[in-house]
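Please open the structure in your viewer and keep the selection tool at hand. The tour proceeds by stops, each of which names what to select and what is found there.

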Amino acid sequence: MSSNEQIAHIANNFLRTIIDEDLKSGKHNSIVTRFPPEPNGYLHIGHAKSICINFGLARDFGGRCHLRFDDTNPAKEEQEYIDSIKESVRWLGFDWGEHLYYASDNFEQLYQWAVFLIEQGKAYVEDLNAEQIRAYRGTLTEPGKDSPYRSRSVDESLDLFSRMRAGEFPDGTRVLRAKIDMASPNINLRDPVLYRILHTPHPHVGDAWKIYPMYDFAHGQTDAIEGITHSICTLEFESHKPLYEWFLDNLPVPARPRQYEFARLNLTYTVMSKRKLQELVQLQIVSGWDDPRLPTLEGLKRRGYTPASVKNFCEQIGVGRSDSWIDVTNLEECVRADLNITAPRAMAVLRPIKLIIDNYPVGQVEEMLAANHPQNPEMGSRSINFSREIWIDADDFMEIPSKGFHRLSPGGEVKLRSSYIVKCTSITKDKNGDIVELHGEYDPASREGIHTSDGRKVKGVIHWVSAAHAVTAEVRLFDRLFSDPNPDRGGADYKQFLNPSSIETLSNCKLEASLSCADSETRYQFERTGYFRIDPKDSTSDKMVFNRIVTLRDTWNQK
RNA sequence: AGGGGUAUCGCCAAACGGUAAGGCAACGGCCUCUGACGCCGUCAUCUCUUGGUUCGAAUCCAGGUACCCCUGCCA
């Protein structure tokens, strides 16, 4: 394990405290957690937090973590999502081993328990329609009213429920409800719906069922069946906890899991809800679920984020119960930290301007030795061709340099990284006054170090690529998808905050020759500009496409 | 308005009655053939607020205030 894969440092948090105590007191000998996604969409960075919490806790406390699909609503779920979710969890580096489960594996047991509840007089078949149920439910401040069907006989409910299962009734005509308390201040306890009729095939169990359990009736019991000790979910389920416990109290379940809640992740400059992500995809505002600008795990993966960086991010932000907004820069810092250690360096000119070195012999080529990593000699070195005509980045030249600019300008000198010091002697412009090319002279004695032959020290070091040896590629520069820290914020349509320059495609970038055999696994630091990786989808041998994962920090441009 | 939560540095987050950890950011400085990286240093007399208990409170009590979640046959 290389140092960057080690988790930064393990901070204490309330979940660890609870588990510590449960283990110490002997309440549990070992812990079992689970990551329970509904397969109705792709995973995003918020899910990564949950995955890291659940798998991380199991790892750190010597327990195990299950991957369980919470697949109780076939109307929204698809096999495609199941596959993608598994892949994303694996990508993060977690392994559920033998413990892959589906809530739907328990449908028969759940059905039997529903029958048990009816027999106990604790559930009944409801004939009211959805609208009527809503009306009877009352409001936040007013109690609800009992349904007229609440007092129907056990036998009648039993009969109706089995016929619901048999598919005798159309969708929406009846539901099974728990008989709890229509006056409860907690609305979730006002006779919640347990089963609804849905003549829809299910991605995992096919068309075996015409009725499907609701989340509340499935989750806790499934936890119990799997022997989950700590059922960790997000805060919005807190008001469901009394219901979760009501089922465990009233059913002959084999274990007694406990639910704990934590605050979900919010990230600035993006949206996280499945609905909005889906809309961005459907409206083709982004290219797909794996668009590199999206906070989806597939998007981050395609962009070039490393699993280690995402895991470190999750570790770094901690776990709490207060609503929090994490600044995206935290995520960006995590990839930089990882890639700074692992990424080999290379030179690439994104916005090329030609620099002709007039005093360098025509046709001569020299091999310059460049370290692949300045702090890690073990990563070796490579040779780079130098010749009379080179490309430099437009950003590294200013005709009228601003104060403090220490790159190239007329009459000025700059060190070409791993090569010579050059001086700009003239500018060639076209009739519009635009720069066509630059001319300069090199100092033959300046190959080593940053001192000129007469002993002066040059301030700037810039990257370059030999024109004769360069490989042309497309580079995609990504920026935040939204220009507002919280595009989700009240009222307004989040789409109005879309950042018009969230992607900039540069099609004439000049890369050093060694990059021509770049593979899609290697992330490079293009020196002085950022971290890049081949786009695994669009890059071809004819036309290489690189994605910018993240920029380097730039304290100069910041000012 | 009913129920359930949460309030500690710009953003996260520890601290469990004993006198405010840590990370990120920021700011100084050093180093540097990446204005990157690295290194050194600075960064809450104070914990939403008002009272109270106590030798002692971010931690306990009482009253305010702000924000979040709950009225799907979604999860």
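Which oxygen of RNA strand B is 2.4 Å from an N or O atom in the side chain of R417? Select R417 in the protein together with RNA strand B: the oxygen in question is a sugar or linking oxygen. Please bear in mind throughout that this is a predicted model.

**First stop: the surface near RNA strand B**

Remain with the RNA and select R345. An N or O atom in the side chain of R345 is 2.4 Å from a base oxygen of RNA strand B. Next, select V319, where a backbone N or O atom lies 3.3 Å from a phosphate oxygen of the strand. These three residues thus show a sugar or linking oxygen, a base oxygen and a phosphate oxygen of the RNA in turn.

Four elements give two or more residues to the surface near RNA strand B: α5 (130–137), β6 (193–197), α11 (307–317) and α12 (328–342). Select α5 in particular, for it supplies the largest share, four residues.

Now widen the selection to every residue that surrounds the strand. There are 71 of them, and the closest are I317, R345, R407, R417 and Q525. Of the RNA atoms that come within 4 Å of the protein, 66% belong to sugar and phosphate. Colouring the surrounding residues by character gives 22 nonpolar, 28 polar and 21 charged.

**Second stop: the sheet of seven strands**

Select the strands β10, β23, β24, β25, β21, β22 and β11, which form an open sheet in that order, with mixed pairing. Strands of a sheet pair through backbone hydrogen bonds, either parallel or antiparallel. The edges of this sheet are β10 (345–346) and β11 (348–349), each of which pairs on one side only.

At one edge, β11 pairs with β22 (residues 503–511) in the antiparallel sense, over two bridges. Select A348 to see one bridge position: its partner in β22 is L511. Then add α12, which packs on the sheet and touches β10, β23 (523–526), β24 (530–534) and β25 (545–551). The direction of α12 makes about 115° with that of β25.

**Third stop: the sheet of four strands**

Select β4, β5, β6 and β7. They form an open sheet in this order, with antiparallel pairing. Its edge strands are β4 (123–126) and β7 (211–213), each pairing on one side only. With direction ignored, neighbouring strands are turned by 20° against each other on average.

Look next at β4 and β5 (residues 175–178), which are joined in the antiparallel sense over four bridges. Within this pair, E126 has V175 of β5 as its bridge partner.

Which helices accompany this sheet? Helix α4 (residues 107–119) packs on the sheet, touching β4, β5, β6 and β7, and its direction makes about 120° with that of β6. Helix α6 (residues 154–165) lies across β4, β5, β6 and β7, and runs at about 60° to β4.

**Last stop: confidence**

Finally, colour chain A by pLDDT. The average for chain A is 95, and 97% of the residues score at least 70. Select residues 1–9, where the pLDDT is below 50; beyond near neighbours in sequence, this stretch has 14 contacts in the model. For the model, the scores are ipTM 0.95 and pTM 0.95.

Terms used:
Residues numbered from 1 in each chain as written. Chains lettered and ligands numbered in written order. Predicted model: local features only at pLDDT ≥ 70, side-chain atom pairs only at ≥ 80, totals over all residues. Heavy atoms only, no water. Near = heavy atom within 4 Å. Polar contact = N/O pair within 3.5 Å; in protein donor to acceptor, adjacent residues only side chain to side chain. Nonpolar A, V, L, I, M, F, W, Y, C, P; charged D, E, K, R; others polar. pLDDT = per-residue confidence, 0-100. Contact = heavy atoms within 4.5 Å. Pairing = 2+ DSSP bridges. Axes fitted to C-alpha atoms, helices over the stretch in contact; angles between N-to-C directions.
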